[in-house]
Amino acid sequence: MLGVISAQAQHKVISFFDEMGTARIKTEEFSQAHDTIVSVDHRIDDVIWARYVYRIIDMRYKQNFPLYFPTKSDDADYRNLFKVIADAVIDGMPIYEKNMETIKPDFKQEPLSKEMIPMMFMADDPTADYSDDPTHFDIESSDAMLIHYDSVNDVLSGHFYRFEPIVRNQLKYLIQEVVFFDKHTSRLHTKIMGIAPLQSDLITTRDNSDIMGSLRESIMFWIPFDKLRPYIAMQYAIPSRNEVRRVTYDEFFQKRLFSSYIVGEGNMYNRWIPDYAKQPEDIKKEQERIAAELLNFEQDLWEY
């Protein structure tokens, strides 16, 4: 009898409507969402095959809209992914400088200092001439930084009154992930290791003959994905057509609800797809080849 009473006491029934009769979309359980972050500890001896893959998440794909909207910084209920990242950096999340020689992140170096962080969030080059680019949103040099550093108090603060024109240029993310086979679980796993916001205007305004060069320049900074997870686990993605079906950004990534395309893989030549495939049809063939190899590897492990 005591066991039944104890079990009933642990289950708190929460009404969908509050005392005012309005829908309670944000439930009380959400305050404990940080406890739902699960990380499986894969033993190194159990991983018998692994492969690095680099993908771009384009915000213009309809499936990725929940990561892009809202584009305003003052929404009371929702923040887009870029706003979550900016708030996390202000809170102390480490970010790492890009490497101009390669696209790969280097998380073994020291993270960027607070003094350098505001420069990473400067979406525009005040000295550049964008007059020939009708899609570019001009930002005055004094307002070009979303994050300011107070050297007296050694703290970072956000200045988001020009957030909307800046985030319109932030249309893509580059992710580094590892696909690996764990013999203990007998299945293929995929883990995102790093994510980097891209300044899309730097990709489109350069010569198309140097796609990889423009991609390197467009990287703002790299973030270890595990350092970002506690922040994205506490933020719901904006719902589409169903206010009840809500997922956090962490669930959005872990369930792989986003759409992406492959731009490179780990290989002995240290080449990316645009390095050797120049025509759109050739690039698509290479992307499909890599995706098919990843799928076939797991399928070929079993006999039917």
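A cavity, on a 1 Å grid over the protein atoms alone, is a set of points where a 1.4 Å probe fits but cannot get out, and its lining residues have an atom within 4 Å of a point. The model before you is predicted, so local features need pLDDT of at least 70 and side-chain atom pairs count only at pLDDT 80 or more, while totals for chains, interfaces and linings use all residues. Residues are numbered from 1 along each chain as its sequence is written, and side-chain values use heavy atoms, with hydrogens and water left out.

I begin with the second largest cavity. Its lining consists of Tyr54, Lys104, Glu265, Gly266, Asn267, Asn270, Arg271 and Trp272.

Trp272 also belongs to a core of 12 residues, together with Ile56, Ile103 and Trp222 among others. A nonpolar core is a set of buried Ala, Val, Leu, Ile, Met, Phe, Trp, Tyr and Cys residues joined through side-chain atoms within 4.5 Å; buried means under 20% relative accessible area, with a 1.4 Å probe and protein chains only.

The largest core is separate from that one and has 41 residues. Among those touching the most other members are Ile85, Ile195 and Phe253. Ile85 is in contact (heavy atoms within 4.5 Å) with Met93, Tyr173, Pro197, Phe221, Ile223 and Leu228, leaving aside residues up to four places away in sequence.

I turn finally to the strands, which are DSSP runs of E of at least two residues, numbered from the N terminus. Two strands pair if DSSP finds at least two bridges between them. E4 and E5 do so in the antiparallel sense, over 11 bridges, and Val178 has Lys191 in E5 as its bridge partner.

How values were computed
Buried < 20%, exposed > 50% of the residue type's maximum accessible area, 1.4 Å probe, protein only. 1 Å grid on protein atoms, 1.4 Å probe; cavity = no way out; pocket = protein on both sides within 12 Å on 5 of 7 lines; lining within 4 Å. Helix = DSSP H or I, 4+ residues; strand = E, 2+ residues; numbered from the N terminus.
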